[in-house]
2 protein chains.
Amino acid sequence: MNNSLPKVATPVGPAGTASSRVFDNLRKDLVGGRFVAGEKLAINALKEHYQVGLSPLREALNKLAAYGLLVQENQRGFRVPKLSREELDDIAHMRLEMEGMALERAIANGDSLWEADLLAAAHRLKRADITLDKGEEWERLHTQFHRTLVAPCGSVWLLRFIEQLHDQFDRYRRLGPKMPTIRQELDEQHHQLVELALQRDAKAARELMDDHIHKSYEVALKRYQEHA
Amino acid sequence: MNNSLPKVATPVGPAGTASSRVFDNLRKDLVGGRFVAGEKLAINALKEHYQVGLSPLREALNKLAAYGLLVQENQRGFRVPKLSREELDDIAHMRLEMEGMALERAIANGDSLWEADLLAAAHRLKRADITLDKGEEWERLHTQFHRTLVAPCGSVWLLRFIEQLHDQFDRYRRLGPKMPTIRQELDEQHHQLVELALQRDAKAARELMDDHIHKSYEVALKRYQEHA
DNA sequence: TTAGACAAGATAATCGATTTTTTAACCTAC
DNA sequence: GTAGGTTAAAAAATCGATTATCTTGTCTAA
């Protein structure tokens with residue numbers, strides 16, 4: 001086969017449409033706390049910032065509103081949702097229920113490929129942590145680790161909800177700077193979770209997951225309270 | 001006060017923006033089965049059908065995609081999601097977990113205003129059924145009843161997920177024509193649910209809710225299997 | 001025949017400009 | 001001073017047209 005002129009290529013292109021690109025970037029920035037909660041978005045400024053036209057930008061904003069990372073009010077644009085203690089409690093509580101459920105099911109269903117993925121994800125996460133990266137890459141790997149952990153739970157909708165809750169939770173967790181002490185503790189738990197998962201100890205794994213979410217919750221709460 | 005020239009009025013107008021109007025209509029039509037699963041949407045045809053311009057229509061489509069009632073593929077538009085036995089099972093299973101949880105919490109939290117709302121919602125639903133309405137109104141009241149039942153569960157996110165699951169579930173349930181026999185049975189359960197809720201019998205209520213969802217699931221499954 | 005190339009038509013995505021609505025500032029009458 | 005009203009500016013929503021991409025049918029060469 002002659003490959004002098006690769007037909008379509010773009011095998012790992014930076015995604016197709018302007019709309020999807022700005023959606024990804026906005027989502028990252030909203031979750032990462034680069035907007036202040038309650039703020040009204042200045043669409044023209046966003047247009048410049050993300051270097052897109054009005055139409056793709058508005059389409060991205062609409063998607064984010066349906067996803068819950070923005071609030072849309074008829075005729076008066078888009079806002080970043082407010083933060084509240086009540087909502088943080090709600091999100092954490094839902095994470096407890098849903099990730100616990102998902103983890104138990106994943107441990108029941110996961111095959112050996114899953115075990116390998118899990119070890120790999122945990123290892124990548126640990127290395128990124130050692131590297132003391134600026135954080136963005138650690139966040140990506142952290143998300144990926146938790147995603148992998150529950151991936152074989154067997155429910156597409158459960159995974160979808162969990163992902164949504166993570167994004168919401170991270171709006172609180174990522175309000176402030178890193179807290180090295182507790183972070184170490186949480187990192188330790190990641191590895192323990194892998195071990196328990198490999199041992200197929202669903203009960204212990206769920207208890208540890210509960211504790212993990214509890215500790216994360218305390219971090220998020222502290223940051224929320226210290227925030228303003 | 002002189003009311004010769006009512007200034008702004010529109011106190012209960014048919015919603016503000018073209019985008020939100022077409023979103024509501026499309027959502028209703030998608031849930032009600034007026035599109036065939038897997039179908040690719042012809043945007044120009046929709047523009048005519050819903051009498052809107054391209055921009056508000058696309059914004060609505062984007063929101064519906066983020067919500068899960070449409071699938072968006074880069075550069076090739078929007079499709080109605082396929083139906084599958086696996087997904088129906090998933091949705092039903094998630095409904096069991098989440099509505100059960102919500103009902104228990106609602107029974108723990110609900111006040112006397114809730115009791116009144118619940119009785120009212122159940123009564124309206126029963127009357128609509130007697131009227132043998134074309135169905136659209138019954139559907140609205142049915143949704144409203146289930147929403148009321150779990151409303152005071154205390155979790156905004158749980159309610160949000162349940163609503164999303166209902167929309168998805170209804171894509172299956174509303175595939176075919178009504179089934180009067182089983183419908184009667186399900187209607188009966190609505191009233192029993194109210195009774196158990198008023199008695200604050202969380203355990204029995206949850207069991208009945210499980211059964212209710214199971215029966216609905218069987219209806220939906222049958223319709224899915226008979227469908228094509 | 002059939003895989004690949006090509007062109008024409010259809011559709012999706014985006015842009016630039018217009019229309020509509022809200023917001024803010026100012027004014028006036030009580 | 002303050003409620004109500006007017007208007008100018010700003011912002012949101014929408015439109016009409018353009019650009020980019022995909023799809024389909026046809027043709028050619030092996």
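A polar contact here is a pair of N or O atoms within 3.5 Å. Keep that cut-off handy for the exercises below, and remember that the model is predicted.

**Exercise 1. Work out how Gln75(A) and Arg58(A) meet DNA strand D.**

Solution. Start with Gln75(A): one of its backbone N or O atoms sits 2.9 Å from a phosphate oxygen of DNA strand D. The cut-off is 3.5 Å, so the Gln75(A) pair at 2.9 Å counts as a polar contact.

Next take Arg58(A). Here the side chain does the work, with an N or O atom 2.9 Å from a phosphate oxygen of DNA strand D.

Chain B joins in too: a polar backbone atom of Ser19(B) is 3.4 Å from a phosphate oxygen of this strand, DNA strand D.

Now step back to the whole surroundings. There are 19 residues around DNA strand D, and those that come nearest are Arg58(A), Gln75(A), Ala18(B), Gly53(B) and Ser55(B). Of the strand D atoms that come within 4 Å of the protein, sugar and phosphate make up 78%.

**Exercise 2. Describe the protein surface near DNA strand D by element and by residue class.**

Solution. First, the elements: α3 of chain A, plus α1 (18-31) and α3 of chain B, each put in at least two residues. The largest share belongs to α3(B), with 3 residues.

Then the classes: the surface near DNA strand D has 6 nonpolar, 8 polar and 5 charged residues.

**Exercise 3. Do the job again for DNA strand C: which residues come nearest, and which atoms of Gly53(A), Arg58(B) and Gln75(B) reach its phosphate oxygens?**

Solution. Begin with the neighbours. Out of 19 residues around DNA strand C, Ala18(A), Gly53(A), Ser55(A), Arg58(B) and Gln75(B) come nearest. Sugar and phosphate account for 78% of the strand C atoms within 4 Å of the protein.

Go through the three residues in turn:

- Gly53(A) uses a polar backbone atom, 2.9 Å from a phosphate oxygen of DNA strand C.
- Arg58(B) uses a polar side-chain atom, at 2.8 Å from a phosphate oxygen of the strand.
- Gln75(B) uses a polar backbone atom, 3.0 Å from a phosphate oxygen of the strand.

Finish with the surface. α1 and α3 of chain A and α3 (54-67) of chain B each supply at least two of its residues, and α3(A) gives the most, with 3. By class, the surface near DNA strand C splits into 6 nonpolar, 7 polar and 6 charged residues.

**Exercise 4. Characterise the interface between chain A and chain B: how much area is buried, and which residues of chain A supply the most of its share?**

Solution. Count residues to begin with: 33 from chain A are in contact with 33 from chain B.

The size of an interface is often given as the accessible area lost when the parts come together. For chains A and B, the buried area is about 2800 Å², and carbon and sulfur atoms give 56% of it. Glu59(A), Trp157(A) and Phe161(A) supply 23% of what chain A buries against chain B, more than any other three residues.

Now look for charge pairs. The two chains share 2 salt bridges; one of them joins Glu59(B) to Arg58(A), with the closest N and O atoms 2.6 Å apart. Polar contacts across this interface come to 20 residue pairs, both partners at pLDDT 80 or more.

Last, sort the chain A side. α1 (18-31), α3 (54-67), α4 (85-109) and α7 (156-173) give two or more residues each, and α4(A) gives the most, with 9. The residues on that side of chain A divide into 12 nonpolar, 13 polar and 8 charged.

**Exercise 5. Look inside chain A: where do its domains lie in the sequence, and how do they touch?**

Solution. Chain A splits into domain 1 (18-79) and domain 2 (85-227), with C-alpha centres 26 Å apart. Their contact takes 10 residues from domain 1 and 8 residues from domain 2.

For the area, the two domains of chain A bury about 860 Å² between them, with 40% of it on carbon and sulfur atoms.

For the polar side, count 3 salt bridges between the domains. Glu136(A) forms a salt bridge with Arg34(A), the closest N and O atoms being 3.5 Å apart. The interface of the two domains also has 5 residue pairs in polar contact, both at pLDDT 80 or more. On the domain 1 side, α1(A) gives the most, with 4 residues.

Notes. Residues are numbered from 1 along each chain as its sequence is written. Chains are lettered from A and ligands numbered from 1 in the order in which they are written. This is a predicted model: local features need pLDDT of at least 70, side-chain atom pairs count only at pLDDT 80 or more; totals for chains, interfaces and linings use all residues. Side-chain values use heavy atoms; hydrogens and water are left out. Contact means heavy atoms within 4.5 Å. Buried area is the accessible area (1.4 Å probe) that two parts lose on being put together, summed over both. A salt bridge is a side-chain nitrogen of Lys or Arg within 4 Å of a carboxyl oxygen of Asp or Glu. A polar contact is a pair of N or O atoms within 3.5 Å; within protein, one must be able to donate a hydrogen and the other to accept it, and residues adjacent in sequence count only if both atoms are side-chain atoms. Ala, Val, Leu, Ile, Met, Phe, Trp, Tyr, Cys and Pro count as nonpolar, Asp, Glu, Lys and Arg as charged, and the others, Gly among them, as polar. Domain bounds come from an automatic or database domain assignment. A residue is near a molecule or strand if one of its heavy atoms lies within 4 Å of it.
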